[in-house]
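Trainee: I have a new model open and would love to go through it with you. Shall we take it piece by piece?

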Amino acid sequence: RTPTYKPFSVKSQAAPVLSQDELKKLAADKAVESVKSGMILGLGTGSTAAFVVDKLGQLLSTGQLSNIIGIPTSKRTQEQAASLNIPLSTLDSHPHIDLAIDGADEVDPNLDLVKGRGGALLREKMVEAASSSFIVVADDSKLVSGLGGSGLAMPVEVVQFCWKYNLVRLQGLFKELGCEANLRLDGSEKPYVTDNGNYIVDLYFQNPIKDGFGAGKEISALEGVVEHGLFLGMATSVIIAGKTGVEVMTK
Ligand code: 5RP
């Protein structure tokens, strides 16, 4: 699968230096151009996805969009969307979603992703898997040549029961990649608890994962693992904002 890169809005002549937040907003605004009135929308989680939710709220309030129903992927996003008067529902009531827009932690050339550093991977994966289209929005710091290659965490959501047992088993799975596993902590050094009442084990790799599907299968096979942050074959397109403008990556 060779992805194509389609630049669409290009460098202005005196290319201004944009902050990371400005880049995230650029990507978010571009993605929202794909939203049509009447759509059921998966609403992602994280700082980039928050720009998407802001923009949707703005377009609804000015009447440029109407009859949108959002399916949030976290309590945080639910609160943000509710505060902007975006009508919300759940996968139970709307099992088929037209379009999901969400951020990512890593994007590889195949449009495979690592997600979940914001802790919302389980609901994100459920909502995005139920979506006909899934647009990823990110700044160019998220591009990697191989998943796990950023040196940052690849999260795995595990049940609280005997989390240490699973942490050791997860680390053991990827010994040859120089994997180190840590329990994620919150700001007060207590275990971080997800919206679903689970813990997160963060995996750090010295070398990128070669076989993402194989790795995902092995992780999922461990009893007590709820979900992992490898989002493989799910993204329809990725909108990347960087110094040279905004690019849409499609397969
Ligand atoms: C949350 C996620 C986020 O989409 C991911 O962490 C990217 O976040 P940000 O846009 O803040 O960089 O997967 O679980």
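Mentor: Gladly! One term to settle before we start: two strands pair if DSSP finds at least two bridges between them. Keep in mind, too, that this is a predicted model.

Trainee: Then which strand pairs with β7 in the parallel sense over 5 bridges, and ends at residue 242?
Mentor: Two bridges are enough for a pair, and here there are 5. One of the facing positions is Val 137, which stands opposite Ile 239. The partner, covering residues 237-242, is β13.

Trainee: And what is the bridge partner of Ala 100 in β7?
Mentor: Start with strand β4, residues 97-102, which is joined to β7 by 5 bridges. Those two strands run parallel. Within β7, Ala 100 has as its bridge partner Phe 134.

Trainee: How many of the 9 residues of β7 are buried?
Mentor: A residue needs 20 or more other C-beta atoms within 10 Å of its own to count as buried. Strand β7 spans residues 131-139 and is largely enclosed by the rest of the structure, because the number of its residues that are buried is 7.

Trainee: Let's turn to the open sheet of 4 strands. Which strands stand at its edges?
Mentor: The order is β9-β10-β8-β11, with antiparallel pairing. An edge strand has a single partner, so one side of it is left without a neighbour in the sheet. From one strand to the next, the twist averages 25 degrees. The edge strands are β9 (180-183) and β11 (225-228).

Trainee: Which residue in β10 does Asn 182 stand opposite?
Mentor: β9 pairs with β10, residues 199-204, in the antiparallel sense. That pairing extends over 4 bridges. Opposite Asn 182, in β10, is Asp 202.

Trainee: Which helix packs on the sheet at about 160 degrees to β11?
Mentor: One helix to set aside is α4, which lies across β8 and β11 but runs at about 65 degrees to β11. The other touches β8 and β11 as well, and its direction makes about 160 degrees with that of β11. That helix, residues 212-220, is α6.

Trainee: Is Leu 173 buried, exposed or partly exposed?
Mentor: Leu 173 lies in helix α5, residues 163-173. Leaving out residues up to four places away in sequence, Leu 173 touches Glu 218 and Ile 219. Burial takes 20 or more neighbours and exposure 12 or fewer. Leu 173 has 16 C-beta neighbours inside 10 Å, so it counts as partly exposed.

Trainee: Now the ligand. Which element gives the largest share of the shell around it?
Mentor: Of the 18 residues around the ligand, Gly 46, Ser 47, Thr 48, Gly 103 and Gly 118 come nearest. Two elements give two or more residues to this shell, α2 (47-61) and α4 (121-129). By class, the shell has 4 nonpolar, 9 polar and 5 charged residues. The largest share, 3 residues, comes from α2.

Trainee: Last one: what is the radius of gyration of the protein?
Mentor: The C-alpha atoms fill a box of roughly 50 × 40 × 35 Å along the principal axes, and 44% of the 251 residues count as buried. With 251 residues, a compact globule would have a radius near 18 Å, and the protein agrees with that, at 18 Å.

How values were computed
Residues are numbered from 1 along each chain as its sequence is written. This is a predicted model: local features need pLDDT of at least 70, side-chain atom pairs count only at pLDDT 80 or more; totals for chains, interfaces and linings use all residues. A residue is near a molecule or strand if its C-beta atom, placed from the backbone, lies within 6 Å of it. Ala, Val, Leu, Ile, Met, Phe, Trp, Tyr, Cys and Pro count as nonpolar, Asp, Glu, Lys and Arg as charged, and the others, Gly among them, as polar. Axes are lines fitted to C-alpha atoms, for helices over the stretch in contact, and angles run from 0 to 180 degrees between N-to-C directions. Two residues are in contact if their C-beta atoms, placed from the backbone, lie within 7 Å. The radius of gyration is taken over C-alpha atoms; the globule rule is 2.2 Å times the number of residues to the power 0.38.
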